[in-house]
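Welcome, and take a moment to turn the model around before reading on. The paragraphs below will walk you through it one place at a time.

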Amino acid sequence: MRRQMSYRFEDQDASPMALRMNRRFSRVESGADLKDYFDRGDIASRENRWNFEVAWEVANKVGGIYTVIRSKAYVSTEEMGEQLCMMGPYKEQCARTEIEEMEFPRGNPLLDAVNALRSRGYKIHTGRWLVDGNPQLILFDIGSAAWKLDQFKLEMWEKCNIGVPHLDIETNDAIIMGFMIAEFLEEFRNFAISYSQNNELSPPRIVAHFHEWQAGVGLIILRTRLIEIATVFTTHATLLGRYLCAGNTDFYNNLDKFAVDEEAGKRQIYHRYCLERGATHLAHVFTTVSEITGYEAEHLLKRKPDIITPNGLNVKKFSAIHEFQNLHAVAKEKINEFVRGHFYGHIDFDLDKTLYFFIAGRYEFGNKGADIFIESLARLNAMLKHEKPDTTVVAFLIFPTKTNNFNVDSLRGHAVIKQLRDTINNVQQAVGKRMFDTCLKGHIPGPDELLQKDDLVKIKRCMFAMQRDSMPPVTTHNVADDWNDPVLSSIRRCHLFNSVHDRVKMVFHPEFLTSTNPLFGIDYEEFVRGCHLGVFPSYYEPWGYTPAECTVMGIPSVTTNLSGFGCFMQEHISDPKSYGIYIVDRRYIGLENSVQQLSNFMMEFSRLNRRQRIIQRNRTERLSDLLDWRTLGIYYRQARVKALQAVYPDYVDETTLYGSRNNLVFSRPHSEPPSPTSSRHTTPAPSVHGSDDEDSVDEETELKELGIK
């Protein structure tokens, strides 16, 4: 395990004034919500302002950036309308189900630019993305321009002194797409100028937003060819940072000491690093997704971000406050079914007193914090044995890795449970029929008349089939090279073998969850809803969508102050724990102390009774507005405005004519159940402890029941 940061950043010392802040949300820099600018592009059209968003993962599911672009599509189109266009590579496997191909209308400069590139032999697909908002799309077939790769590389070398190895296919594809997009934007600008002159419009103002280094090639070409287009570059995680953390480097303690060129060269990614750093410095506005990534970029890419653009989610609110609680109960019952099958023959624990914890993500054992999660579970196991022996925790670890097939014992367990259920259902039907027939004859049946010997034999056979000599498996699959697998090695080291005496049970599921999964039969979203706590003690996490997804579903989560999400919550909520956001300190204290803190958080959560957990889920769900793109999308707008003003000094954002809103305090609306600061008794007497009426819980009662002073 790696060492952790043992010092504070210069701006981390909290002032006494900050500590006296309201128990709600602290000041948000933006002030305004993006929904204030939802006009379907009316203002942008009058200003002749165009926005292009470029990413390798537009309509191409690869990783987390796909989630960012896709979830933001709705608010982007509500703001920009037809003045927005997204661009990326054409990948037929994804495009077949994700896009509806159609041409742009005649007279549109987008169509003229597309036709100009098609005349050069490039294959270009246009249409709409089949997601919320239906944004316009332009996808470039990289293979159609591969014949010009050497020409593109020559220009890259002559203008930027960046050479790319011939065998690096991913970078070759990024260069081809970058040049195609740069040529398209150049043609579009020329046609837009002609269109504006012919229709007596103001000159076009164009901004292109590039995500990550693969798309950054297009930005570099635009700037080196001196094309007058405003550019924004966003890095969601630095390339070198990922490689350094993957190698168990003491990353944050040495950020200012790394010889970046040498480190990139050692890992054979120097050319990629140069492309990322070039895009960072050539962009008019540079943004990162979190403060922690901005600090990383400042040292590795040598530029401070101009604006932080946090990642949001397209939050769909429920009409009734209790609806998401009902969904939790339904999903939890499906997880109960899995647990009955997986632990058959060893169900010595009460499912009503069982808590489900989980961790999920890419299989980066150290970066995702799986190492300290398993260590903390071992300590939680000891604490539960001593303090709450009737409470059981089932910990799920969902990391996709190479497997041979399903674990036979796990499959057998589900078959045995299904056989028992079917047998009992048949017996129930037979008993019901006998009872009806006997009562119809005018007398009450006796026990021997209802449950016959054949029925008992069938039930006994099923029960004997449930007996097992071995302990329940810790994994649902046969993992390839399991002796060297880091999760399984850690479980062995901590002796978490699912024995009868263990109060923490382990389930390692080495593939993503889908509704077609023969063991779970639920997708990831439903699984999250059914769990009680998400645990994500990441060491390297530029943002962290997994705890954010938990939050909008009303599921409490554990994160760290080295993740973008954790830093964001610490900045904008004065008391995150009271909202079900537990933040482990992996920045300022040692590893042993972090492990102890995490185990204490999990034990603290395990002590909560059912009512306290319901209150906490209500509080967690109230944070969803803070993570909605309608709130966080304003930062992207600010980045575009800043870039436009850098290229077009005469540009004035029309909305600023009505006065700046940057000094307003972001506060959550008063809602039911009452918010912690505005809560008042809604009846002459406060609600009685144990009442099932969640809406009657006031602030003091909530805090007292959650054990928060």
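What follows looks at confidence, then at a pair of helices, then at one alanine, and last at the cysteines.

Keep in mind from the start that this is a predicted model. Averaged over the protein, the pLDDT is 86, and 87% of the residues reach 70 or more. That confidence varies from element to element: strand β15, residues 533-535, has the highest mean pLDDT, 98, while helix α1, residues 16-19, has the lowest, 36.

Two stretches deserve some care as you look around. Over residues 1-31 the pLDDT stays under 50, and the model has 97 contacts beyond four places in sequence for them. Residues 655-697 also stay under 50, with 73 such contacts in the model. Where pLDDT is low, the predicted coordinates should not be read in detail.

Now find helix α8, residues 212-224, and helix α11, residues 270-282. These helices pack with their axes 8 Å apart, at an angle of about 55°. That angle is why α8 and α11 are described as oblique to each other. Their contact involves Trp213, Gly216, Val217, Leu219, Ile220 and Arg223 on the α8 side. On the α11 side, Arg272, Leu275, Glu276, Gly278, Ala279 and Leu282 take part. If you follow the way α8 passes α11, you will find a left-handed crossing.

Next, move to helix α4, which spans residues 92-98 and contains Ala95. Is Ala95 buried or exposed? Its relative accessibility is 3%, and because buried means under 20%, Ala95 counts as buried. Which residues does Ala95 touch, once its neighbours within four places in sequence are left aside? They are Ala59 and Tyr90. You can also look from Ala95 across to Leu130: the two are 35 residues apart along the chain, and their C-alpha atoms are separated by 9.7 Å.

Finally, turn to the cysteines. A disulfide is a covalent bond between the sulfur atoms of two cysteines. How many disulfides does the structure hold? The count is zero. Cys550 makes a good example to inspect: the closest cysteine sulfur to its own is that of Cys531, and the gap is 8.0 Å. A disulfide needs the sulfur atoms within 2.5 Å, so the sulfur of Cys550 is too far from that of Cys531 for a bond. Cys550 is also buried, with a relative accessible area of 0%. Another cysteine, Cys85, counts as buried at 1% relative accessibility.

Methods
Residues numbered from 1 in each chain as written. Predicted model: local features only at pLDDT ≥ 70, side-chain atom pairs only at ≥ 80, totals over all residues. Heavy atoms only, no water. Buried < 20%, exposed > 50% of the residue type's maximum accessible area, 1.4 Å probe, protein only. pLDDT = per-residue confidence, 0-100. Helix = DSSP H or I, 4+ residues; strand = E, 2+ residues; numbered from the N terminus. Contact = heavy atoms within 4.5 Å. Axes fitted to C-alpha atoms, helices over the stretch in contact; angles between N-to-C directions. Parallel < 35°, antiparallel > 145°, perpendicular 65-115°, else oblique. Left-handed = near helix turned anticlockwise from the far one by under 90°.
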